[in-house]
Amino acid sequence: MIKLLKLIKAAIVLCLDVGFPMSNSAFGEESSLEQAKKVMTKFVQRQVFAESKDEVAVVLFGTGGTRNALASGDQYQNITVHRSLMLPDFDLLEDIQDTIKPGSEQADFLDAIIVCMDLLQNETLGKKYEKRHIELFTDLSSPVSEDQLEIIIANLKKTGISIQFFLPFPGDVDDGGGDTSASERSQMHRNSFPKKALTEQQKEGIHVVRKLMHTLDEEGGLEEIYTFRESLERLSMFKKIERRPMAWPCQLTIGSNLSIRIVAYKSVTEEKVKKIWTVVDAKTLRKDDVQKETVYCLNDDDETEVQKDDTIQGFRYGSDIVPFSKEDEEQMKYKTEAKCFSVLGFSRSSQIQRHYYMGNQVLKVFAAKDDENAAVAFSALVHALDELKVVAIVRYAYDRRCNPQVGVAFPYIKDAYECLIYVQLPYMEDLRQYLFSSLKNNKKCIPTADQLSAVDSLIDSMNLVCEDDDGETFEDLFKPSKIPNPHFQRLYQCLQHKAFHPNEPLPPIEQHILEMLEMPRVVKERCQAPLEKVKALFPLREVGKKKEEKTAQDIFKDNSEDGPKPKKLKIEDEEGSFSIMKLAEGNVTSVGSVNPGEDFRILVRQKNADFKDVSQQLINRIDQFLENKGSRYYMKGINCIRVFREEAIKLSKVQCFNDFLQALKSKVEDKALADFWEIVIQDRISLITKDEAEGSLVTSEEAEKFLAPKEKKNETLPPTDEGGDVDDLLDMM
């Protein structure tokens, strides 16, 4: 069974040396105190934004005053408990940045450790903590006495309190021996430290620190000594939010007779920012000072208010609104008896393509804990799936309120545990089918041998998985699972800045955030030569396209005018070039409103296309344009009719177009769209004649008559005096 992560609650004391030597620094350099405060700030920021349950206390030594429970006489002087154990917050960050100032005295760091141990013992009494820890920041410039070193080591071991040291220099700076891994780690950072010799006091201090850490842990004790600079690099990333694993118990069913108790956990899911934005008063910054009220009004001149109870939600269906109440929505929902994880059947694993995986989570499914029968049955199922190379197709419903999903469960066997991995599969509507022309059919697109070789070399040079010297193990140069979300990092950086500097602009993006998703430096250097070769073999040139400007005169001019017409860009060369050009623009599944004519051309040329169905889509668009009215919509409608006519002739669907045009003429007369029909007459868009297509029964005379103005019936009208003017009208009045 997999060992589940626990949400650890720790008690941590940040012990900072503020003695006057910590404030000393060379010209142009940061003091050790400022560096230590930066490390502490980064640590607390991580805790705050990770919503950690760890409690943090702060102890200062080297202060001008004394405030601790052990102080008496001349013992444990100049040591101050600045903050007791509590959850870290912005107040603590503000304290570290602004309140903690350099002290005027010095104090023994071993005495400070004893005060920290006493604080942890007293403030964690009767409470449950998984870990108690001290982090000590100092430059070891203050005098130190080893008299109580053995007692400190014994008590640290007895109480289980761990300790880490943070220094301005590596822990082995004066010693070539010691722990190998710690030496290698410090050697990596050695070049970044100033070549400044340690004082005799610092040498004595580092000796005591090494003795303390080595005695506590002979193997890894020295690895717990860090430099300020190294710590800043490690803490530059905000800590991820710890999540407690939530078990989802259920029954895995196969048919009606086989049931296995299981429990599932989310293994992968998209992390969202838990903090939500809220509206507050700009002056008081209080949420309670702002009240939000929603009012519903009619869209009339008086903006008549409507009570919420008198409203109902609606679903837009085309141009209509279908009323759909909350009660209707509840009745529509799919009702399941309970949660479900039911096997519908099995399939070869090769049938489930990687691009079918969808959804926002991945579940790991285990046998129920402490159920031996379930464990045996579940293990048999997992191993059978693995040996037969098949997967289970599963119906999954989280609970009775949720719509069911169809997903795939495939076996996952590790040395420590075995489980099923569940991933959601798409329904029919979730799939996007795209058709693209094959590059092999175009000789211009076939690469040469040199081009293929250059691209192969480029791919090899950009390989993110490197083989080690032994030829067996591999190193991953780019691990997404180790890369924090840059959005979270930037958000936390800005929130922290605004908390302390509300009136200042946001800081620039930190360099480590910018570098987070950059190409690894090793790969970047390695691929330069192959890139240059690819650039030489695949030359690019800019192809400019002059955009033709259209004026109102061009749009509304009579197409029957005499004189040469400007040549138009030829976009259609029978079947071949047309399909390549149009498919390059993306797959079209229906006649849209942006470019309906071209959509229609594409759809009617698709394999197994139903001309009648596609033409009805185009007719619906034409009707919409006529409903909107206006010259712009009229011209789009005219273009649609032209395209419809051209395609009907080419594809021998003459009667379909003629029926449409006759119905359109009747509709135009009924809806008083004479101005639109005038454009149709001017453009000479008439019925398709037998001279144009074999399937037509319409003669040229009938087509000409179709466009002729309809004769008006003689009606008895009241006598009018033609030619009257304004004076006549006044006389009549």
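This is a short tour of the structure, stop by stop. The model is predicted.

**Whole chain**

Start with the whole protein chain in view. Its secondary structure comes to 23 helices and 19 strands. The chain has 733 residues, and 36% of them count as buried. It exposes about 48,600 Å², with carbon and sulfur atoms supplying 51% of that area. Now consider contacts between residues at least 6 apart in sequence: 70% of these join residues at least 24 apart.

**The barrel**

Next, select strands β7, β8, β13, β14, β15, β16 and β17. Together they make a closed barrel of seven strands. Follow the order β7-β8-β14-β17-β16-β15-β13; the pairing is mixed. From one strand to the next, the twist averages 40 degrees. Strands of a sheet pair through backbone hydrogen bonds, either parallel or antiparallel.

Zoom in on β8 (residues 258–269) and β14 (residues 358–367). Seven bridges pair them in the antiparallel sense. Pick Thr 269, and its bridge partner in β14 is Gln 361.

Move to β15 (residues 390–397) and β16 (residues 405–413). These strands run antiparallel, joined by five bridges. Select Val 394 and find its partner in β16, Gly 407.

Stay on β16 and add β17 (residues 418–424). Here seven bridges join the two strands, again an antiparallel arrangement. Val 408 stands opposite Val 423 in β17. Trace the hairpin that links β16 to β17: four residues make the connection.

**A helix across the strands**

Show helix α9 (residues 372–388). It lies across β7, β8, β13, β14, β15, β16 and β17. Its angle to β17 is about 65 degrees.

**Aromatic rings**

Now display the aromatic side chains. There are 22 aromatic pairs in total. Go to Trp 248 and Phe 341, whose ring centres are 6.4 Å apart. Why does this pair count as edge-to-face? The planes stand at 65 degrees, and the cut-off for edge-to-face is over 60. Trp 248 lies in β7 (residues 248–254) and Phe 341 in β13 (residues 340–348), so the pair ties together parts that are 93 residues apart in sequence.

Are these two rings buried or exposed? Trp 248 is buried, at a relative accessible area of 6%. Phe 341 is buried too, at 1%. Add Tyr 396, Tyr 398 and Tyr 422 to the selection: with Trp 248 and Phe 341 they form one aromatic cluster.

**Helices α20 and α21**

Jump to helix α20 (residues 654–670). Select Phe 657 and Phe 660, which both lie in this helix. They are three residues apart, about one turn of the helix. Their rings form a tilted aromatic pair, 6.0 Å centre to centre with 55 degrees between the planes. Phe 657 has 0% relative accessibility and counts as buried. Phe 660 also counts as buried, at 7%.

For the last stop, add helix α21 (residues 674–682). Two packed helices are described by the angle between their axes and the distance between the axes. The axes of α20 and α21 come within 8 Å and cross at roughly 145 degrees. Which residues meet here? From α20 come Leu 664, Lys 665 and Val 668; from α21 come Ala 674, Phe 676 and Trp 677. The contact holds five nonpolar residues, no polar and one charged.

Note on methods. Residues are numbered from 1 along each chain as its sequence is written. This is a predicted model: local features need pLDDT of at least 70, side-chain atom pairs count only at pLDDT 80 or more; totals for chains, interfaces and linings use all residues. Side-chain values use heavy atoms; hydrogens and water are left out. Two strands pair if DSSP finds at least two bridges between them. Axes are lines fitted to C-alpha atoms, for helices over the stretch in contact, and angles run from 0 to 180 degrees between N-to-C directions. Contact means heavy atoms within 4.5 Å. Ala, Val, Leu, Ile, Met, Phe, Trp, Tyr, Cys and Pro count as nonpolar, Asp, Glu, Lys and Arg as charged, and the others, Gly among them, as polar. Buried means under 20% relative accessible area, exposed over 50%, partly exposed in between (1.4 Å probe, protein chains only). Accessible areas come from the Shrake-Rupley method with a 1.4 Å probe; for residues, only the protein chains shown count as cover. Rings of Phe, Tyr and Trp (its six-membered ring) pair if their centres lie within 6.5 Å; planes under 30 degrees apart count as stacked, over 60 as edge-to-face and the rest as tilted.
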